[in-house]
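Trainee: I've got this one open on my screen and I'd like a close look at a single part of it. Could you walk me through it in one go, from the surroundings down to the detail?

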Amino acid sequence: MNSLNFLKSNKQNFYYFLYLGLFLFSISILDVAINAFLKINITSFLPGILSIFLPLILGFVGLNFIRTEYSGIKSLDIINKNINTNNFNAILTLLIIFAIIKATPPSLSWMIFDANISGDTKEACTGTGACWTYVKVWFRRFMYGMYPNDLHWRINLAFILVIALGFFGFFLRDNLKKYLALYYVIIYPIIAFLVIYYLISGGAFGLVWVETGAWGGLSLTFIVSFFCLIFCFPLGMVLALGRRSSLPMIRYISIGYIEFWRGVPLITVLFMSSVMFPMFLPEDFFMDKLVRVIIAITLFEGAYCAEVIRGGLQALPRGQYDAAKSLGMGYWKMHIFVILPQALKLVIPGICNTFLALVKDTPLIFVVGLAELAGMLALAKTNPKWLGFAMEGYIFAAIIFWIICYAMSKYSYNLEAKYKTER
Amino acid sequence: MNNKIKKILPQIITVLFVLGIFGFFTFNAQNNMDNRGIDFGFGFLTQESSFDVQFSLIEYSGSHSYARAYLVGLLNTLLVSFISIIFCTILGVIFGVARLSSNYLIRNSAAWYVEFFRNIPLLLQIFFWYYAALRALPVPEKAGPWFGVTYMTIKGYYIPSFIWTNLDIFLYSILAVIISIIIISTYAKKLQENEGKQIPVFFISLGLIFLLPALTFFIGGVSLDFEIPALKQLSKTSYVFDGGIGLPPELIALVLALSLYTSTFVAECVRAGIQGIGKGQKEAAASVGLTPNQILKLVVMPQALRIIIPPTTNQYLNLTKNSSLAAAIAYPDLVLVFAGTALMQTGKAIEIVSITMLTYLSISLAIAAIMNWYNKKIEIKEK
């Protein structure tokens, strides 16, 4: 390696190497950028392969020149430490920078510069880019499904009410705080159910009846995941306690239930709810498809919820149980006042993750014919007036779901970090 | 006495409750089936199925039985899971390691990759690949070759098929390689435990893998031919590729979506595993004079794998269960063939849905049992 020493800087000629290296590095970036944005290949006079690899070679040599252990220049040291530690890293750095530069112009022009959003028909989309007109025209369908247009305020109002009631607990007076758990576990689900039932379904108080077949779009995703969450939580709690019970029959039944539902895919559960479950009901007893699906997903997610809560119960130190028992508390007193309040606090991040999985699973109800967002997209895609815009639709849906899920995962991550420091 | 009742009474009530629900369901099912004139039984499995499946690994046509249709679906499910597991492992390991890189750009690109693919519902990803991305591919007559001999078209990916002569000799040689590698590695382990000597097991194995099968080509009379897909004109405007193996676009979309989605979870498992090894372990290993390679092989990897493997297997299991989403884009997997088409034709809802669920359940339980056995085996035995 001694023969290569002239490639490395030393104290005397350090600045020459630094300027030369930065020069080469910026030339390589410039070359790629000009190539990508202006579609001009400034090195086209070189033979084919060399012309392609020239920016990489230049950048690599440049980064090699500016790499030193310690230079004393703050910004240079940060660069060296973070993206330029050795030859392998330098090449990967260059490749990533080039890929980002190369990908920016086509995606920007497709998404923004060549895209159309004006007009109300397919003919308005003349550019080569995306046709956001399609998303604009179908927006209400994507959000509310086939729900009648002039009644959309009912869905909005119902959601606002449910969310407001959810925050109600924060404003309770201190002497009512002890009923908080009771409120969230029992009263809140009932009120929420009544609000959603009477406002969205209608049929009473002078509201027009809208059958569940017309529900759809993103609001259906929210309705299904909301109900499944509030119902699967108590179910999971009972099962988790059952699995840790000292009574063998209860324990085995809980284990059997949990392992069964965790072992089958959700799609077969949905199939079961739509084709097999009606056979198990009394003959003249009709149950709405949406209700069946919510029950099926609740039973399914309850098993996952149970495992999360069991993790929280197991994480509590034995001393908590012993202390409660030594005070003469029975099984229920011990769990309600000592164990569960602590365990549930521990599992909030885990529950959040279960809920995240639940939201990501709800598009599956599409396979049994309920048209939530994915289902509405499939419907819009096959509409003869709007053929050929599948890409825009899926990208729109992906962005919406991504924002929801990313926010939830960040929130659960923050909760996890918060509770970790408290213990 | 009082204590005993306290213990037995809740159990009796629970059992009665569960039995009551089952009894209620059975009674209703019996009633409903009597009224509709359906009888319960698995006799339909041997009947002729009279429907066709687009893509199947074993020979199948409408004249075969429902049991064989079930097998076709199961094999297709296993095929798509197997391919996706391989890809998601490769991607997951690469991105898991990349998330721990000292390079700021690599670390953050990997983090964004994970956040991006993890937070979009799998069904949407499958739809995106199938309905949006793969539909943008060229039609057969305009498709240029990839790597010279394969063709990616809107109708699927066409690759050359192998035509073997004396395949059995080749397979025996591979069997011999596997057995000899096991013997060598056991011997090497013993040698190291008893005398502290190390032999380069990896290179010996690598040599064997190439050498023995190659020998069969020269001595055993094994030969390999390729059937390269060629464009064939059916009518004036329609072309197809003839020969070779055609992978349907449904399979490609599924494999892409499943492996990209699951690789993010595998990446997190890998990252957690490597982060779980204390710095002290590496420093201790270095201080007793091990080389960096030896540290990785003898100290870091055995411990990291212990943390990585159980959650990763869980992800493989999830992938296998998620492969049932195939039904949404009409890839003929177990759910579509059996719980879809066969159910429509026979109307045996209870039998078919139970068989489908039991199949997935037994796959899950089998893998869980193997995992428990493995965890017991590798768990740190503390005194």
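Which domains is chain B divided into? That's the part I'd like to start from.

Mentor: Sure, and keep in mind as we go that this is a predicted model. Chain B is split into domain 1, covering 1-29, and domain 2, which is made of 66-138 + 248-378. Taken over C-alpha atoms, the centres of domain 1 of chain B and domain 2 of chain B sit 40 Å from each other.

Now the chain around those domains. Chain B has 11 helices and eight strands. Its radius of gyration is 27 Å, while the globule rule gives 21 Å for 383 residues; chain B is well over that figure, so it is more spread out than a compact globule. If you draw a box along the principal axes, the C-alpha atoms of chain B fill roughly 90 × 80 × 50 Å. Of the 383 residues in chain B, 29% count as buried. Take the contacts in chain B with a separation of 6 or more: 62% of them come from residues 24 or more positions apart.

For a single spot to zoom in on, try B:Gly156. You'll find B:Gly156 in strand β3 of chain B, residues 156-159. Is B:Gly156 buried or exposed? The cut-off for buried is 20 or more other C-beta atoms within 10 Å, and B:Gly156 has 21 C-beta neighbours inside 10 Å, so it counts as buried. Leaving out residues up to four places away in sequence, B:Gly156 touches B:Gly246, B:Leu247, B:Pro248 and B:Pro249. Look next at B:Thr14, which is 142 residues from B:Gly156 along the chain: the C-alpha atoms of the two are separated by 54 Å.

Then there's the partner. Chain A has 15 helices and zero strands. The radius of gyration of chain A is 30 Å, well over the 22 Å from the globule rule for 423 residues, so chain A is also more spread out than a compact globule. The C-alpha trace of chain A spans about 85 × 70 × 45 Å along its principal axes. Of the 423 residues of chain A, 32% count as buried. Among contacts in chain A between residues at least 6 apart in sequence, those joining residues at least 24 apart make up 66%.

Where the two chains meet, 43 residues come from chain A and 48 residues from chain B. On the chain A side, the elements that give two or more residues are α3 (74-83), α4 (87-113), α9 (248-263), α10 (266-276), α14 (373-381) and α15 (390-422). The most comes from α15(A), with 10 residues. Sorted by class, the side of chain A that touches chain B has 33 nonpolar, seven polar and three charged residues.

One helix pair in that contact deserves a slow look. α10(A) packs with α10(B), the helix at residues 334-346 of chain B, at an angle of about 10°, and their axes are 11 Å apart. The cut-off for roughly parallel is an angle under 35 degrees, so α10(A) is roughly parallel to α10(B). From α10(A) come A:Ile267, A:Thr268, A:Phe271 and A:Val275, and they meet B:Val335, B:Ala339 and B:Leu343 of α10(B). By class, the contact of α10(A) with α10(B) counts six nonpolar residues, one polar and no charged ones.

Terms used:
Residues numbered from 1 in each chain as written. Chains lettered and ligands numbered in written order. Predicted model: local features only at pLDDT ≥ 70, side-chain atom pairs only at ≥ 80, totals over all residues. Domains from an automatic or database assignment. Contact = placed C-beta atoms within 7 Å. Helix = DSSP H or I, 4+ residues; strand = E, 2+ residues; numbered from the N terminus. Nonpolar A, V, L, I, M, F, W, Y, C, P; charged D, E, K, R; others polar. Rg over C-alpha atoms; globule rule 2.2 N^0.38 Å. Buried ≥ 20, exposed ≤ 12 C-beta atoms within 10 Å, placed from the backbone. Axes fitted to C-alpha atoms, helices over the stretch in contact; angles between N-to-C directions. Parallel < 35°, antiparallel > 145°, perpendicular 65-115°, else oblique.
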